[in-house]
Structures are given as C-alpha cells and as structure tokens.
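This report goes through one protein model, beginning with a single strand pairing and widening from there to the overall fold and one of the helices.

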Amino acid sequence: MTDAIVCDLDDYCDAHAGWALPLLDQLYQRSGGRFKATLFAIPGRLCGDALIDAAGRPYLEIAAHGWGHALRECEHWTQEQTAEVLARCLAAGRQHEEDNPYYTAIFKAPYWVTSPGLYAGLLASNWAVADHPQNLTRIPRALRRYVLSPSHRIGAAHHVLPVIQAHGHFTNETGNGLRECLGSFVGLAESGRPFKFVSEVLV
Ligand SMILES: [Zn+2]
C-alpha cells in the first residue's frame, strides 16, 4: 500500500490568504489533483472572505488553531471555555452558510501548549486533537487524535501511522514555512502519492 501524505499547515489567517491560496492552487494543479491540505486556522484572525475562499476549495479542510493564537493561549482553558471557543468557531462558519460550519472539528493548540480543560472540552464537544508527541501522555485515551512523530520533518514517514508527514506553517522562519520549504512541498505534490486530510487519519 502506498502511504498517503498528510499535509497540515498552521496559522492560516487574513494575513496569509492573499498569497497562500494561489500557491496552494498551484500545488493542487502540479499534483494532478491529488493534493489536499488541512489548514489550521486562527479563527479570531480570519474574516469572512479568507474563510469562504478556503472553504470553497474542496482540496482544503479548515481546522481550528487556538482562537487568537496568543502565546500559551490554551494553558489555563477550562472545559467550559474550550467548549465556548469551539462553538464560536462553528458559529463563524454558519454566519456565511447556515448549514455549513466550515470548520472540521479538529483543534491544535498554539505552541502545542494544552491543558486538562482543553482536552476535556474537546472530548465533551466531540472534537479531535492534532497534537505534538510531547503531549502524548496527557491526551485522554478516548480523545481522537492525529499526533506527529517525534521526527516530523517534511516528507518523513510517521513512526506508527501509514502516513508521510508534511507539517508546515504559513509563517516563514519556522523551519517548515510553506514558502521557505516550497521545494519540499512541490516534491511531495509531484510524487504521485495520494494525499489525505487530517480528518481521514484520526485514530
Ligand atoms: Zn501556530
């Protein structure tokens, strides 16, 4: 079986939509229509247009990455606060299309800083978590998750899942920025391998 590539890109927001969506379109075209990516968006910094434009592309799915992406934002979130933020994300999507929340129910904490309340809120709201291996012992057993490998450079095989990882950022100077590592993303897009959304590889 050919391992699928999972491309998850962090920090999608108004500041990046203008240049990033055309670039993602190019990856999609160069892949012969195989390319897919899960965008971890900053809901509090995503106005209607940037949300609608991404949601209108079937090869993208939108997940939530904090609310405003403040430093250690989720460190002290309670279950109730978490549930309120998740509901706000879904409501933001439904503002534009009543029956469509736009957001896939997957959450990634900014800077990978989580809390027991965050995990409890995700569980209670039936959301999944995208997480870092440093948090593995903290994730409740019942919570569905996509956890990167300890080694997750772009193109590295996952150590457990039948997946090639392509984790990156819209911001540059992160070591895995979409533009600074464009060659790696293009190489994967043109590899002929299938792509999967994060929602398709949750365990
Ligand atoms: Zn981030």
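## A central pairing

In this predicted model, Ala37 has Leu60 of strand S3 as its bridge partner. That contact belongs to the pairing of strand S2 (residues 37-41) with S3, which runs in the parallel sense over five bridges. Between these two strands comes helix H2 (residues 48-55), and S2, H2 and S3 together make a right-handed β-α-β unit.

S3 also pairs with strand S4 (residues 103-107), again in the parallel sense, here over two bridges, and Ile62 stands opposite Tyr103 in S4. Helix H3 (residues 79-94) joins S3 and S4 in a further right-handed β-α-β unit.

## Burial of strand S3

How many of the five residues of S3 (residues 60-64) are buried? Five of the five are, and the strand is accordingly described as mostly covered. The burial concerns both faces of S3, with Leu60, Ile62 and Ala64 buried on one side and Glu61 and Ala63 buried on the other. Leu60, the partner of Ala37, and Ile62, which stands opposite Tyr103, thus both belong to one covered side of the strand.

## Helix H4 and its surroundings

Which residues of helix H4 (residues 116-125) are buried? They are Leu118, Tyr119, Gly121 and Leu122. Viewed down the axis of H4, these buried residues fall within an arc of 160 degrees, so they line one face of the helix. As a general point, an α-helix has 3.6 residues a turn, so residues three or four places apart point the same way.

The buried residues of H4 pack against H3, S4 and strand S5 (128-131). Directly after H4 comes Asn126, whose phi is positive, near 65 degrees.

## The fold as a whole

The protein contains five helices and eight strands, and read along the sequence these follow the pattern β-α-β-α-β-α-β-α-β-β-β-α-β. The radius of gyration is 16 Å, close to the 17 Å that the globule rule gives for 203 residues, so the protein is as compact as a globular protein of that length. Along its principal axes, the C-alpha trace spans about 45 × 35 × 30 Å.

Of the 203 residues in the protein, 40% are buried. Among the contacts with a separation of 6 or more, 65% are between residues 24 or more positions apart.

Definitions and conventions: Residues are numbered from 1 along each chain as its sequence is written. This is a predicted model: local features need pLDDT of at least 70, side-chain atom pairs count only at pLDDT 80 or more; totals for chains, interfaces and linings use all residues. Helices (H or I, at least four residues) and strands (E, at least two) are DSSP runs, numbered from the N terminus. The radius of gyration is taken over C-alpha atoms; the globule rule is 2.2 Å times the number of residues to the power 0.38. A residue is buried if 20 or more other C-beta atoms lie within 10 Å of its own, exposed if 12 or fewer, and partly exposed in between; C-beta atoms are placed from the backbone. Two residues are in contact if their C-beta atoms, placed from the backbone, lie within 7 Å. Two strands pair if DSSP finds at least two bridges between them. A crossover is right-handed if, with the strands pointing away from the viewer, the path from the first strand over the helix to the second runs clockwise. The arc is that of the directions from the helix axis to the C-beta atoms.
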